[in-house]
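Trainee: I have just opened this one and would like some help finding my way around. Could we go through it together?

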Amino acid sequence: MSDRLKPKKKSHVCAERPPFECIALLLQGGGALGSYQAGVYQALAEARLHPDWVAGISIGAINSALIAGNPPEKRVERLRTFWEEISTAPFGLPTLDQLEIKGDLARAAVNQFRAFGVLLGGAQGFFSPRPVPPMFWPPGAPEALSYYDVLPLKATLERLVDFDRINSGETRFSVGAVNVRTGNFVYFDTERQAIGPEHIMASGALPPGFPATEIEGEFYWDGGIVSNTPLQWVLEGRPRRDTLAFQVDLWSARGELPRTLMEAEVRQKEIRFSSRTRAMTDQFKHVQQLRHALSRLLKSLPPERRDDPDVALLTAEADHKVHNIIQLIYRSKRYEGSAKDYEFSRRTMEEHWQAGYHDAVRTLRHPEVLERPTSPDGVFTFDLAYQGRE
């Protein structure tokens, strides 16, 4: 592990488990930006905040599998192994990591060079370019539908993830994908089925780069096509439980006004893949406020009304559960450009990892993030960067 990632002190370590029935970790999709999530998890692991439920989309699904598919003491190590492997330069290209590069224009040029190398050579242990381009294959052939082969990812998952552990029920596990034929968004969840490498690969099968993944006769693409965050799936999960949710997003819905066409491309990508997580959170807060109000109202009904079928229906929706939603959102630099989600260089990976680690450490310095909310709706949201707190 890089010395830069070793904490000077662990002042963020929790003395005891926070007062919630479920600790959930929600990981958005975002390709090469995903090492930010690994840094966040390192800080959570050091704080002994081990999740009861891990859910992810795309690269978030891969990180989720590396977490849920390993014992707590091995998780950071396995995340590190994966991210160091896929950030190895293809073709033996120079990494340029030893150069002192200053200024946004210089950094942007270097990042584009690295991303170009990934486009040509793929990412070790993740995906490799097809020797024959898709246009030379007959329609319907798997090779005609994508530029890259993802068999390296299957081998990596089988090597680094214990799927027996994932399916043991110790940690609930969910990944989202889209059915290519129906367009329906689906979740593969250990509460419903046994999970294998194919479910993780389906969640990250973003066309036209990657081929659809076949599961039981159906074909699936990357869940980010429909929704790039598992937030709603976790918050609306049954049975409802008091939940401390760490929502780790790789795309920020908020951003600056673009100045160039390249910045406009980046901005639309951020808006599209942020999946309106703040709007979703606000809607959930309103729904919980109604559920709490309904619960109080139902308690005031006379006993003879409680057997009414309509009352029974409402009772099933009422609750007094509480939720802390802790948002950690990667804030990209201007020089990263539109290729930031496939710029798998070692230096950039380390930068993202450090950003996630330090954001999580700063967040955990605020004791209120681990305390039960006292608001009428029973929902507390915390976003360190947006709220401007340190």
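**A surface patch, then the inside**

Mentor: Let us begin on the outside, where Val132, Met135, Phe136, Trp137 and Tyr147 make up a nonpolar surface patch whose accessible area comes to about 560 Å² together. Please keep in mind that this is a predicted model.

Trainee: Where is Trp137 placed?

Mentor: Trp137 sits in the loop that runs between strand 3 (128–129) and strand 4 (148–149).

Trainee: And why does Trp137 count as partly exposed?

Mentor: Because its relative accessibility is 33%, and partly exposed covers the range between under 20%, which is buried, and over 50%, which is exposed.

Trainee: Switching to the inside, which residues touch the most other members of the largest nonpolar core?

Mentor: Those are Phe126, Ile200 and Phe246, in a core that has 72 residues. Another core, of 13 residues, lies apart from it, and Cys22, Leu235, Ala245 and Ile325 are among its members.

Trainee: What is Ile200 in contact with, leaving aside neighbours within four places in sequence?

Mentor: Its contacts, on that basis, are Ala61, Ile62, Ala65, Leu157, Phe163, Phe173, Val175 and Ile195.

Trainee: What about Ser174, buried or exposed?

Mentor: Ser174 counts as buried, because its relative accessibility is 0%. Ser174 belongs to strand 5 (residues 172–179), and its contacts beyond four places in sequence include Trp53, Gly56, Tyr187 and Trp233.

Trainee: Last thing, where does pLDDT stay under 50?

Mentor: That happens over residues 1–9, for which the model has 15 contacts beyond four places in sequence, whereas the chain averages a pLDDT of 89, with 91% of the residues scoring at least 70.

Conventions. Residues are numbered from 1 along each chain as its sequence is written. This is a predicted model: local features need pLDDT of at least 70, side-chain atom pairs count only at pLDDT 80 or more; totals for chains, interfaces and linings use all residues. Side-chain values use heavy atoms; hydrogens and water are left out. A nonpolar core is a set of buried Ala, Val, Leu, Ile, Met, Phe, Trp, Tyr and Cys residues joined through side-chain atoms within 4.5 Å. Buried means under 20% relative accessible area, exposed over 50%, partly exposed in between (1.4 Å probe, protein chains only). Contact means heavy atoms within 4.5 Å. Patches are made of residues with over 30% relative accessible area and no salt bridge: like charges are joined within 9 Å, nonpolar side chains (Val, Leu, Ile, Met, Phe, Trp, Tyr) within 5 Å. Accessible areas come from the Shrake-Rupley method with a 1.4 Å probe; for residues, only the protein chains shown count as cover. A salt bridge is a side-chain nitrogen of Lys or Arg within 4 Å of a carboxyl oxygen of Asp or Glu. Helices (H or I, at least four residues) and strands (E, at least two) are DSSP runs, numbered from the N terminus. pLDDT is the predictor's confidence in each residue, from 0 to 100.
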